[in-house]
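Biologist: Before I rely on any label attached to this model, I would like to hear the reasoning behind it. Could you take me through the values and the cut-offs they are set against?

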Amino acid sequence: MKAKYAIAASLLISIGAFAQKDELKAMKKLMKKDRSAEVMQEMKSLIDKTEPLLGSADDKQKADFYYYKGNYDLYMAMTKMDQNALNGAIADFDKVIELEKNGKREYTPEITKDIYPEVSATVLKIAKNFGQQQNYKAAVPLYETAYNLNKKDTINLYNAAAFAVNAKDYDTALRHFEQLDQLGFTNKRLSYTAKNTKGEVEYFSDKATRDLYVKAQGYTDPGVHKDPSIKGDIIKNIALIYINKGDNAKAMKAIEKAKKENPDDIGLLQAEAQIYYESGDMDGYKKTIQSILDKGSKDPNLYFNLGVTSAQSGQNDEAMQYYKKTVELDPKYANAYYNMGIVQLAGEDVIVKEMNGLGTSKKDMARYDELKKKRDDIYKAALVNVKKAYDLEPERDEFRTLLSNLYMGLEMMDEAKALKK
C-alpha cells in the first residue's frame, strides 16, 4: 500500500509540473501581444492558476513566473495608479533577481537597466504632480518607492522625508531623516552647467556630457555649480520633530552630535537657534544667532528674527536696529518694515488712554493738544514704514488695515478713502 501511495504522489507532482509548464508557455505567448485589457485578464487567470503549483517548480520556472507576474502587476499599477500593485510588481521583480543571482541572468539585466529606471521615472513624475497639488501624503510612498529602486539616488529618500513633514506624518519623516543622517547624506555635489539655445541654464551630472552639448548642440557658458550641504537642514528637522514630540533633550542631543562633526556649519547653528526659540529660551536663541552673525552671515532672516525676539523681550531700540539691518540687506523685506512700524507705535495706547480720560477744562484741553501732537508724531513715523510694507505687498490684509487706521488717526481722509477703494 505504501508503494502505491508513493507512485500516486509522484504522478501528481509530474502532472502538476507538466501543467505548470503549459501555463508558463501560455504566459510567454501573452507577453508578446499588445497589453490590452483582455490580454491582461487572461494573464491574471493564468497567474491565479499557476501560483499554487510553484512548490514543485525549479528556480528557472519560478523566475519565469515572477517575471510575468511582475509585468502584470506593473500594468495594473500604471493603468490604475495603484500603489499596492506597484509594490507587488517590485517585489515580483526582486524575487526574479534573487532567483537568478547564482544562475543564468535571463531577466535581471532588463529589470535593472530598463524596467526599474522606467518605473522610477514614472513614479517620480506622479509624485511631483501630487506635490504640486499639495497632496503630500500621496507623494511620500512614491518617493520611497523610487529610493528603494535605486538606493544610490538618496535625494528621493530626502524628498520622502520632506513631504512626510508637509503631510504632518512626523513619525515617517523622523525615520527617514535619521536614516539620512546615518548614511551621511549631505546632497553636497558638483553639477556641470551650460546655457541652452534659449539662454536657460541646464545641469549635467558629468563634465564629458556637458562638454559634448557645448560642442555639438550649440550650448554656451559652461560652468560648475556646487550644491550646498543640507546636513544642517536634516539635523534641524530631526530636532524640530523631537520638539514637536515634546522631547527637547533629544532635539538638542541631535544638534550637539552634529556640531562636533561640523562646528562651523551655520545651518546647524540656525537649527540650534530654532530649538531655543521653539522652547521659549530667548536668551539662548539670541546668543546662538549672535554667534552666527559673528561668523559673517549676511542672511536678513537672522536679523529679522533677532528683531522679533528683542521686541518680544521689550527691547524696542535693539529690535529697531535689527530691523534696519534687515532692510539694509534686503530692501524688499516687507515684514521688517511692518514690524518697525509696530515698534514705533509702542506706548501709543498709554497716550490714547490718557487723552480719553481728560476733561474739558482749559488745562485738560492744553494737555490733550500736547498728547495729540505726540501721538501724531508717533503715527507719522510709523506711517512711513507701514506704507513701505503695504507698497511691497498690497495683498496683505494686516498691512492695509494698519495703514488705514494710521491715515484716519492723522485725519488723512482722502488717503484712507483711496486705500479702501
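Modeller: What follows takes the overall form, the aromatic pairs and one helix in turn, bearing in mind that this is a predicted model.

Biologist: What makes the protein chain more spread out than a compact globule?

Modeller: The chain, with 20 helices and three strands, has a radius of gyration of 33 Å, whereas the globule rule gives 22 Å for 421 residues, and because the value is well over that figure the chain is described as more spread out than a compact globule. Along the principal axes, the C-alpha trace spans about 125 × 60 × 50 Å. Buried residues account for 41% of the 421 residues.

Biologist: How do you know that F93 and Y116 form an aromatic pair, and why is it called edge-to-face?

Modeller: A pair of aromatic rings is described by the distance of the centres and the angle of the planes. For F93 and Y116 the centres are 6.2 Å apart and the planes 75° apart; pairing requires centres within 6.5 Å and edge-to-face requires planes over 60 degrees apart, so both conditions are met. F93 lies in helix α4 (residues 83–99) and Y116 in helix α5 (residues 108–132), so the pair ties together parts that are 23 residues apart in sequence.

Biologist: Why does F93 count as buried, and what about Y116?

Modeller: Buried means under 20% relative accessible area; F93 is at 1% and therefore counts as buried, and Y116, with 8%, is likewise buried.

Biologist: Why is the pair of Y158 and F185 called tilted?

Modeller: The Y158 and F185 planes are 40° apart, with 6.2 Å centre to centre; because stacked requires under 30 degrees and edge-to-face over 60, this angle leaves the pair as tilted. Y158 belongs to helix α7 (residues 155–166) and F185 to the loop between α8 (170–183) and β1 (190–195), so the pair ties together parts 27 residues apart in sequence. Both Y158 and F185 are buried.

Biologist: What makes K325 a charge over the ring of Y303?

Modeller: K325 lies over the face of Y303 at 5.9 Å from the ring centre, and the distance cut-off is within 6 Å.

Biologist: How do you know that the span of helix α19 agrees with its number of residues?

Modeller: At 1.5 Å a residue, the 13 residues of α19 (residues 397–409) should span 18 Å, and the end C-alpha atoms are 18 Å apart, so the two agree. The buried residues of α19, including F399, L402 and Y407, pack against α16 (334–344), α18 (362–392) and α20 (413–420). Just after α19, E411 takes a positive phi of about 60°.

Key
Residues numbered from 1 in each chain as written. Predicted model: local features only at pLDDT ≥ 70, side-chain atom pairs only at ≥ 80, totals over all residues. Heavy atoms only, no water. Helix = DSSP H or I, 4+ residues; strand = E, 2+ residues; numbered from the N terminus. Expected span 1.5 Å × (residues − 1). Buried < 20%, exposed > 50% of the residue type's maximum accessible area, 1.4 Å probe, protein only. Contact = heavy atoms within 4.5 Å. Phe/Tyr/Trp six-rings, centres within 6.5 Å; stacked < 30°, edge-to-face > 60°. Lys NZ or Arg CZ within 6 Å of the ring centre and 35° of its normal. Rg over C-alpha atoms; globule rule 2.2 N^0.38 Å.
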